[in-house]
Amino acid sequence: LKNLAVELGTQPVQWNKKFIELGGAKILVQLMIAHVHRGQKIVQNSPSFSPRGDINFEIYEDLMQCIVALKGLMKFQDGLKTVVQEENFIDYFIESLAFVNVRMQGDILRISSAICLLSFDCYKLVLEIFSERVKDLLGYLINGSQELKTAALTCINVLINTQRFESVQKETMRDLLLAKGLREIVSGFRSPGSVLSPDLEKQIAIFELLIRKKEI
């Protein structure tokens, strides 16, 4: 699986397209779902679950490599569309946030943002899932590295700011995030002496613009 992940990340697009034609995307998604299921069972039986714990190392590594391989397929538009269309992919892809490291969490959030823009159905599903994960999104903003903060705020901006799709649930989620202190959390990024990356500054500016528009 590790070797496959490397190949999918480095081979030409035509190689990846052939892999998809042979049913590779479906197999990888099924593997990902199976690893997430294993992780969920461990969580149910052990509240102190840690994805980096020695007992769970195999599950953690296998899931990570599976997602890396899927990232290789999703690096081009047609590949992204194909993977997203696989049954239950979006649900379990986002669920895998609980079982991967911080860097991979950022990748999952960024890819989730891209998935939102594929179609209204994709946007609606991602919005529904993250509506149940507001606490997690805010946690990434409060406790995450700058890279994770950027990925989380990017995802939030797409979910609650996008002009491409309208949804009552979008308004509900925005109001809930603001009620939970999103504005104050984002404002806190610019504490005295802080040095923010250009990407994070850009996402803060997008968020602040939305807030100003809503207050006019």
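Thr150 is buried, with a relative accessible area of 11%. The model is predicted. Thr150 sits in helix 10.

**Around Thr150**

What does Thr150 touch beyond its neighbours within four places in sequence? Its contacts there are Ser197, Asp199, Leu200 and Gln203. Take Ser197 from that list. In sequence, Thr150 and Ser197 stand 47 residues apart. In space, their C-alpha atoms are 8.7 Å apart.

**Salt bridges**

How many salt bridges does the structure hold? The count is 10. In general, side chains of opposite charge can pair when their charged atoms come close. Three of the pairs are set out here, with the N to O distance of each.

| Pair | N to O distance | Separation in sequence |
|---|---|---|
| Glu21 and Lys18 | 4.0 Å | 3 residues |
| Glu147 and Arg110 | 3.4 Å | 37 residues |
| Arg190 and Glu208 | 2.9 Å | 18 residues |

Glu21 and Lys18 form a salt bridge, with their closest N and O atoms 4.0 Å apart. Both residues lie in helix 2, residues 13–21. Their spacing of 3 residues is about one turn of the helix. An α-helix has 3.6 residues a turn, so residues three or four places apart point the same way. Glu21 is exposed, at 62% relative accessible area. Lys18 is partly exposed, at 46%.

Glu147 and Arg110 also meet through their side chains in a salt bridge. This pair links distant parts of the chain. Glu147 belongs to helix 10, residues 146–161. Arg110 belongs to helix 7, residues 102–116. Both ends are partly exposed: Glu147 has a relative accessibility of 43%, and Arg110 has 33%.

Where do Arg190 and Glu208 lie? Arg190 is in the loop between helix 12 (182–187) and helix 13 (198–215). Glu208 is in helix 13 itself. Their salt bridge, at 2.9 Å from N to O, again links distant parts of the chain. Arg190 is partly exposed, with a relative accessible area of 39%. Glu208 is partly exposed too, with 24%.

Which residues are joined into one network by salt bridges that share partners? They are Lys71, Asp107, Arg110 and Glu147. The pair of Glu147 and Arg110 described above thus has both its residues in that network.

**Cysteines**

The disulfide count is 0. Why is Cys66 unpaired? The closest cysteine sulfur to that of Cys66 belongs to Cys122 and is 19 Å away, too far for a bond. Cys66 is buried, at 0% relative accessible area. Cys155 is in no disulfide either. Its nearest cysteine sulfur is that of Cys116, 5.9 Å away. A disulfide needs the two sulfur atoms within 2.5 Å. Cys155 is buried, also at 0% relative accessibility.

**Helix 5**

Which residues of helix 5 are buried? In this helix, residues 77–84, the buried residues include Gly79, Leu80, Val83 and Val84. These four cover an arc of only 130° around the axis, which puts them on the same side of helix 5.

Terms used:
Residues are numbered from 1 along each chain as its sequence is written. This is a predicted model: local features need pLDDT of at least 70, side-chain atom pairs count only at pLDDT 80 or more; totals for chains, interfaces and linings use all residues. Side-chain values use heavy atoms; hydrogens and water are left out. Buried means under 20% relative accessible area, exposed over 50%, partly exposed in between (1.4 Å probe, protein chains only). Helices (H or I, at least four residues) and strands (E, at least two) are DSSP runs, numbered from the N terminus. The arc is that of the directions from the helix axis to the C-beta atoms. Contact means heavy atoms within 4.5 Å.
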